[in-house]
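Welcome, and take a moment to look over the model before reading on. The report below walks through a few of its parts, one at a time.

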Amino acid sequence: MVTRTQKFKAFVSEPMGDKDVTAVDGINDELGLKLATKGFDKAYILLGQFLLLKKDHAVFQRWLKGSYGASPSQAQQCASCLMDWCYAFL
């Protein structure tokens, strides 16, 4: 069973606009800083990477873990959050 955090629910409940990358579920301040230093400072930029990887959960999670040191849990939460946002708004 998948548990949806309040952060997850808040993110997928509205358009992302100009939200910081840390607004995405699974992205804490530490991981957000690592992403931001490489240009992924906004949620929509991270979404762009997710879309470039064809919304493939496994590939996106490997990228996030391998490139930025995300934990398996963080990577899974982030991919699920972005996928649910896509279902709601794309």
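## Around helices 3 and 4

Just after helix 3 comes Lys-54, with a positive phi near 60°. Helices here are DSSP runs of H or I with at least four residues, numbered from the N terminus. This is a predicted model, in which local features need pLDDT of at least 70 and side-chain atom pairs count only at pLDDT 80 or more, while totals for chains, interfaces and linings use all residues. Residues are numbered from 1 along each chain as its sequence is written, and side-chain values use heavy atoms, with hydrogens and water left out.

Let us stay with the loop between helix 3 and helix 4 for a moment. Lys-54 is found in this loop, and its positive phi belongs to a residue other than glycine. Lys-55 sits in the loop between helix 3 and helix 4 as well, and has a positive phi of about 55° although it is not a glycine. How accessible are these lysines? Lys-54 counts as exposed, at 72% relative accessibility, whereas Lys-55 counts as partly exposed, at 35%. Here buried means under 20% relative accessible area, exposed means over 50%, and partly exposed lies in between, using a 1.4 Å probe and protein chains only.

Here are four residues for which an accessibility value is at hand.

| Residue | Place | Relative accessible area | Class |
|---|---|---|---|
| Gly-32 | helix 2 | 5% | buried |
| Lys-54 | loop between helix 3 and helix 4 | 72% | exposed |
| Lys-55 | loop between helix 3 and helix 4 | 35% | partly exposed |
| Arg-62 | helix 4 | 53% | exposed |

Next comes helix 4 itself. Helix 4 covers residues 57-68, which makes twelve residues, and it reaches 16 Å from its first C-alpha to its last, close to the 16 Å expected at 1.5 Å a residue. The expected span is 1.5 Å times one less than the number of residues. At the start of helix 4, a side-chain oxygen of Asp-56 comes to within 3.0 Å of the backbone nitrogen of Ala-58. Just after the helix, Gly-69 takes a positive phi of about 75°.

Which residues of helix 4 are buried? They are Phe-60, Gln-61, Trp-63, Leu-64 and Tyr-68. These residues lie on the same side of helix 4, because they cover an arc of only 160° around the axis. The arc is that of the directions from the helix axis to the C-beta atoms. An α-helix has 3.6 residues a turn, so residues three or four places apart point the same way. On the other side of helix 4, Arg-62 and Gly-66 are exposed. In space, the C-alpha of Arg-62 is 13 Å from that of Gln-77, with their positions 15 residues apart in sequence.

The buried residues of helix 4 pack against helix 2 (29-37), helix 3 (43-52) and helix 5 (72-89). For helix 2, the partners can be named: Leu-31, Lys-34 and Leu-35 meet Trp-63, Leu-64 and Tyr-68 in helix 4. Contact means heavy atoms within 4.5 Å. Helix 2 and helix 4 pack at an angle of about 85°, with their axes 11 Å apart, and are therefore roughly perpendicular to each other. Axes are lines fitted to C-alpha atoms, for helices over the stretch in contact, and angles run from 0 to 180 degrees between N-to-C directions. Roughly perpendicular covers angles of 65 to 115 degrees.

Helix 3 can be read in a similar way. Its buried residues are Ala-43, Leu-46, Leu-47, Gln-49 and Phe-50. These cover an arc of only 155° around the axis, which puts them on the same side of helix 3. They pack against helix 1 (6-12), helix 2, helix 4 and helix 5.

Helix 3 and helix 5 pack at an angle of about 90°, with their axes 11 Å apart. That makes helix 3 roughly perpendicular to helix 5. On the helix 3 side, Leu-46, Leu-47, Phe-50 and Leu-51 take part, and they meet Cys-78, Ala-79, Leu-82, Met-83, Trp-85 and Cys-86 in helix 5.

To finish, here is a glycine in helix 2. Gly-32 touches Val-21, Thr-22 and Ile-27, not counting residues up to four places away in sequence.

Terms used:
Helix = DSSP H or I, 4+ residues; strand = E, 2+ residues; numbered from the N terminus. Polar contact = N/O pair within 3.5 Å; in protein donor to acceptor, adjacent residues only side chain to side chain. Parallel < 35°, antiparallel > 145°, perpendicular 65-115°, else oblique.
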